[in-house]
Amino acid sequence: MKLPIALHTVTIPAYRGGVTAGKICFTWLGRKPMVYITEPTMIKEVLANYYQFRQSRRGNPLMKMLTKGLVDVEADQWVKHRKIINPAFHIEKLKHMLPAFYVSCNEMINKWEILLMGKSSCEVDVLPYLQTMSSDVISRTAFGSTFEEGRKIFKLQHEMIGLIMKSARSTYFPGSMFLPTKSNKRMKEIDQKVRASIRSIINRRVVAMKAKENSNDDLLGILLNSNYEETKQGMHKNSGLSIEEVIEECRLFYLTGQETTRDLLVWAMILLGQYTYWQARARDEVNMIFNEVLRLFPPGAVIGRVVHKETRLGNIMLPAGTFLQMNTILLHYDRDIWGDDVKEFNPERFSKGILKVTKGQACYLPFGGGPRICIGQNFAMLEAKIALVMILQRFSFEISPSYSHAPHIVLTLQPQFGAQLILHKL
């Protein structure tokens with residue numbers, strides 16, 4: 001069954017007064033200019049200078065409830081947050097989390113085997129199973145022994161995402177988030193419950209740390225220990241993160257960790273379900289397969305920035321307040337960079353590594369780029385590799401006739417109508 005796997009058409013919103021010049025598109029958002037960039041040299045410069053080109057905060061204010069923490073802070077505050085959080089995602093620390101990856105994936109595989117019991121094959125929408133698995137991984141790796149509490153927090157967070165995305169799809173009126181609607185009341189209730197739950201876990205961990213009973217094998221333990229060391233060595237009281245900041249970082253673990261890994265795995269299975277001859281090779285060549293999956297379906301379809309002070313970018317002068325949008329999808333589907341087979345699933349293009357195929361250009365950005373590149377990319381890749389290898393050891397699969405290919409952006413790029421595959425027990 002041949003599917004239009006690639007995103008054949010990517011549209012940029014059209015605004016009156018828009019001007020296109022090569023790989024740069026200029027439009028207006030009200031009185032604010034917006035510049036769309038797909039020129040690798042310019043993108044590299046923008047991503048490298050996080051002081052001058054800062055995070056864009058356009059859109060529905062409710063969305064900011066989901067993206068506080070490391071992705072929301074700027075300049076020196078970002079440097080502080082990144083320094084304290086970095087140890088939690090060091091590859092040596094991640095190795096301690098391998099058992100959690102294995103247990104969560106094995107639970108999912110067991111469910112599939114039950115569905116196949118007494119059958120030669122079975123149609124399964126793998127998306128909800130991958131979502132449960134990736135959320136369980138986050139719950140186990142973030143909170144360790146308090147895994148069940150973590151699960152409850154995730155369910156609340158997931159409900160919050162649904163409510164916020166529903167609101168984001170409707171017309172936003174300034175101040176409407178403060179109206180006493182049923183949805184707004186529920187979001188406020190969830191926010192308070194999540195904060196209270198995480199604060200309770202943190203307070204117990206702090207007590208354990210003082211009694212030298214704290215575990216450093218999970219993300220929260222590593223983060224608290226790193227924060228303690230930074231505060232102890234700091235020259236002033238604001239050297240470390242406050243409890244509120246730690247809470248926001250924990251919430252961010254849930255959101256980005258679960259979404260990114262789930263989407264990487266579901267697109268990998270969809271592609272391998274069409275190009276079935278790659279399933280046997282995937283056990284040995286999983287890296288280049290995931291690299292190609294991330295090229296075709298990058299988690300973040302666009303990267304937004306805003307100009308802090310007037311500056312020159314390439315041959316154009318950008319005033320302060322200018323919005324920049326770097327379209328990852330357009331970049332990953334640029335025929336001039338990737339060749340005539342740009343819309344095809346061809347992991348071989350990464351056989352000699354990412355640098356070889358990109359020639360060092362900033363044209364492959366599945367996890368962003370520059371100093372602000374996604375801090376959890378090693379976590380996501382390691383979890384996805386383990387999960388895919390375990391799946392391929394137990395099953396073969398192909399795309400189901402009922403699968404409808406419809407990539408769409410919610411927070412990340414995901415299949416709108418699920419991922420229906422025909423599973424076969426090996």
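**A tour of selected salt bridges**

Begin by selecting Arg195 and Asp191, both of which are buried in this predicted model. Their side chains meet in a salt bridge, with 3.3 Å from N to O, and because the two residues are four apart in helix H7 (residues 182-210), about one helical turn separates them. Keep this pair on display and add Arg199, Glu244, Glu248 and Arg251, since salt bridges that share partners join these residues with Asp191 and Arg195 into one network.

Next, move to Arg140 and Glu107, which form a salt bridge whose closest N and O atoms are 2.9 Å apart. Arg140 belongs to helix H5 (residues 126-143) and Glu107 to helix H4 (residues 98-116), so this salt bridge ties together parts that are 33 residues apart in sequence. If you colour the residues by accessibility, Arg140 comes out as buried, with a relative accessible area of 17%, whereas Glu107 counts as partly exposed at 30% relative accessibility.

Stay with helix H4 and select Glu113 together with Arg394, whose side chains meet in a salt bridge at 3.0 Å, N to O. Here the pair links distant parts of the chain, as Arg394 sits in helix H15 (residues 377-394) and Glu113 in helix H4, 281 residues apart. Arg394 counts as partly exposed, its relative accessibility being 23%.

To finish, widen the selection to the whole model: how many salt bridges does the count come to? The count comes to 25 salt bridges, among them the Arg140 pairing with Glu107 and the Arg394 pairing with Glu113.

Notes
Residues are numbered from 1 along each chain as its sequence is written. This is a predicted model: local features need pLDDT of at least 70, side-chain atom pairs count only at pLDDT 80 or more; totals for chains, interfaces and linings use all residues. Side-chain values use heavy atoms; hydrogens and water are left out. A salt bridge is a side-chain nitrogen of Lys or Arg within 4 Å of a carboxyl oxygen of Asp or Glu. Buried means under 20% relative accessible area, exposed over 50%, partly exposed in between (1.4 Å probe, protein chains only).
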